[in-house]
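Got the viewer open? Here's a short tour, one selection at a time.

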Amino acid sequence: MKPLLISLPDALAHWRGTAQDLADKCNEVLAGVPSLADDAGAANERLIRHYVQVGVLTPPEREGREAVFGLRQIVEFLATRYL
């Protein structure tokens with residue numbers, strides 16, 4: 001397996017969003033990585049929630065009733081797709 005070296009944009013350092021926002025952002029990043037481009041468009045809100053439920057992604061932070069995802073979940077999702 002060839003090592004995957006990608007550089008995430010600095011704008012993602014403080015990124016926060018909902019499960020749907022996370023899916024959209026992951027699809028955007030996947031599309032720019034040649035070895036993962038075939039997976040682009042594979043992320044959706046249902047998959048994100050499933051990954052949280054089975055422990056692939058760490059649970060999101062809570063702000064009141066809202067679940068808020070961040071950079072950590074983006075990195076975890078990308079690592080999962082690569083593996």
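Color by secondary structure and trace the chain from its start: this predicted model runs β-α-α-β-β-α along the sequence. That gives you three helices and three strands to click through.

Now zoom out to the whole protein. The C-alpha trace spans about 40 × 30 × 20 Å along its principal axes. The radius of gyration is 12 Å, close to the 12 Å that the globule rule gives for 83 residues, so the protein is as compact as a globular protein of that length. Switch on a surface if you like: the accessible area comes to about 5500 Å², with 51% of that belonging to carbon and sulfur atoms. Of the 83 residues, 35% count as buried. If you draw a contact map, look at pairs at least 6 apart in sequence: 58% of those contacts join residues at least 24 apart.

Next, select residues 19–31 (helix 1) and 45–54 (helix 2). How do their axes cross? At roughly 105 degrees, coming within 8 Å of each other, and the two helices are therefore roughly perpendicular. Show side chains where they meet: Ala19, Gln20, Leu22 and Ala23 on helix 1, against Glu45, Ile48 and Arg49 on helix 2. By type, that contact divides into four nonpolar residues, one polar and two charged.

Last stop: helix 3, residues 71–82, where you should pick out glutamate 76. Is glutamate 76 buried or exposed? Its relative accessible area is 17%, under the 20% cut-off, so glutamate 76 counts as buried. Leaving aside residues up to four places away in sequence, glutamate 76 touches Val56, Leu57 and Thr58, so add those three to your selection.

Technical notes. Residues are numbered from 1 along each chain as its sequence is written. This is a predicted model: local features need pLDDT of at least 70, side-chain atom pairs count only at pLDDT 80 or more; totals for chains, interfaces and linings use all residues. Side-chain values use heavy atoms; hydrogens and water are left out. Axes are lines fitted to C-alpha atoms, for helices over the stretch in contact, and angles run from 0 to 180 degrees between N-to-C directions. Helices (H or I, at least four residues) and strands (E, at least two) are DSSP runs, numbered from the N terminus. Angles under 35 degrees count as roughly parallel, over 145 as roughly antiparallel, 65 to 115 as roughly perpendicular and the rest as oblique. Contact means heavy atoms within 4.5 Å. Ala, Val, Leu, Ile, Met, Phe, Trp, Tyr, Cys and Pro count as nonpolar, Asp, Glu, Lys and Arg as charged, and the others, Gly among them, as polar. Buried means under 20% relative accessible area, exposed over 50%, partly exposed in between (1.4 Å probe, protein chains only). The radius of gyration is taken over C-alpha atoms; the globule rule is 2.2 Å times the number of residues to the power 0.38. Accessible areas come from the Shrake-Rupley method with a 1.4 Å probe; for residues, only the protein chains shown count as cover.
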